[in-house]
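Q: Hey, I've got this protein open on my screen and I'm not sure where to start. Can you walk me through it?

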Amino acid sequence: MVEDLGKEFRLAADDDLAEGTSLNPKKMWSEVDADHYDLNTCLREAIVVFKSFLIALPESQLVAFQNAVRKQSQLQEVHIPSRQPVIRHRRMTSIAGE
């Protein structure tokens, strides 16, 4: 779902809206707004599930989990081309209600 929404968002924003070639820009902006809302909702739900996972994860498995995440993150950075530079070593912004 996230991949499909991301593709739709990029296509609408990059091709039609940014280049000014949209036949109905008001409709396209509405679609981009709806896609943004859905992507944001998916992100927020994923954060809730991830926090729940971390709370339920036994303390004895935290180091192994952290190592697995680091390893997967390093492999992903090498193989996936990105338009923007990767942001590293930053603290996550505080989220209301934490």
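Q: Let's start with Leu54. Is it buried, partly exposed or exposed?
A: Leu54 is partly exposed, because its relative accessible area is 33%, and that sits between the 20% limit for buried and the 50% limit for exposed. Keep in mind that this is a predicted model.

Q: Which helix is Leu54 in?
A: Leu54 belongs to helix α2.

Q: And how far is Leu54 from Phe65?
A: They are eleven residues apart in sequence, and their C-alpha atoms are 9.7 Å apart in space.

Q: Okay, which residues make up the nonpolar patch on the surface?
A: The patch is formed by Phe50, Phe53, Leu54 and Leu62. Together they have about 320 Å² of accessible area.

Q: Which helix gives the largest share of the patch?
A: That's helix α2, residues 25–56, with three residues of the patch. Phe53, for instance, is placed in α2. Phe53 has a relative accessible area of 35%, so it counts as partly exposed.

Q: Let's zoom out. How many helices and strands are there?
A: The protein has three helices and zero strands. Reading from the N terminus, the order of elements is α-α-α.

Q: How much of the protein is buried?
A: Of its 98 residues, 10% count as buried. The accessible surface of the protein is about 8900 Å², and carbon and sulfur atoms hold 57% of that surface.

Q: Back to α2. What span should it have, and what does the model show?
A: With 32 residues at 1.5 Å a residue, α2 should span 46 Å. The C-alpha atoms at its ends are 46 Å apart, so the model agrees with the expected span.

Q: Which residues in α2 are buried?
A: Met28, Val32, Asp35 and Cys42 are buried there.

Q: Hm, Asp35 is on that list. Why does Asp35 count as buried?
A: Because its relative accessible area is 8%, and the cut-off for buried is under 20%.

Q: What does Asp35 touch?
A: Leaving out residues up to four places away in sequence, Asp35 touches Leu5, Glu8 and Phe9.

Q: What about Leu39, what does that one touch?
A: With the same neighbours left out, up to four places away in sequence, Leu39 is in touch with Val2, Leu5, Gly6 and Phe9. Leu39 is also found in α2. At 23% relative accessibility it counts as partly exposed, because buried would need a value under 20%.

Q: How far apart are Leu39 and Leu5?
A: In sequence they are 34 residues apart, while in space they are 6.7 Å apart, going from C-alpha to C-alpha.

Q: What share of the contacts in the protein joins residues 24 or more positions apart?
A: Such residues account for 44% of the contacts with a separation of 6 or more.

Q: New topic: how many salt bridges does the structure hold?
A: It holds one salt bridge. Lys27 pairs with Glu31, and their closest N and O atoms are 3.8 Å apart.

Q: Why would two side chains pair like that?
A: Side chains of opposite charge can pair when their charged atoms come close.

Q: Where do Lys27 and Glu31 lie?
A: Both lie in α2, four residues apart, which is about one turn of the helix.

Q: Last one: is Glu31 buried, partly exposed or exposed?
A: Glu31 has 36% relative accessibility, so it counts as partly exposed.

Note on methods:
Residues numbered from 1 in each chain as written. Predicted model: local features only at pLDDT ≥ 70, side-chain atom pairs only at ≥ 80, totals over all residues. Heavy atoms only, no water. Patch = residues over 30% accessible without salt bridge, like charges linked within 9 Å, V, L, I, M, F, W, Y side chains within 5 Å. Areas by Shrake-Rupley, 256 points an atom, 1.4 Å probe, with all protein chains shown as cover. Salt bridge = Lys/Arg side-chain N within 4 Å of Asp/Glu carboxyl O. Helix = DSSP H or I, 4+ residues; strand = E, 2+ residues; numbered from the N terminus. Buried < 20%, exposed > 50% of the residue type's maximum accessible area, 1.4 Å probe, protein only. Contact = heavy atoms within 4.5 Å. Expected span 1.5 Å × (residues − 1).
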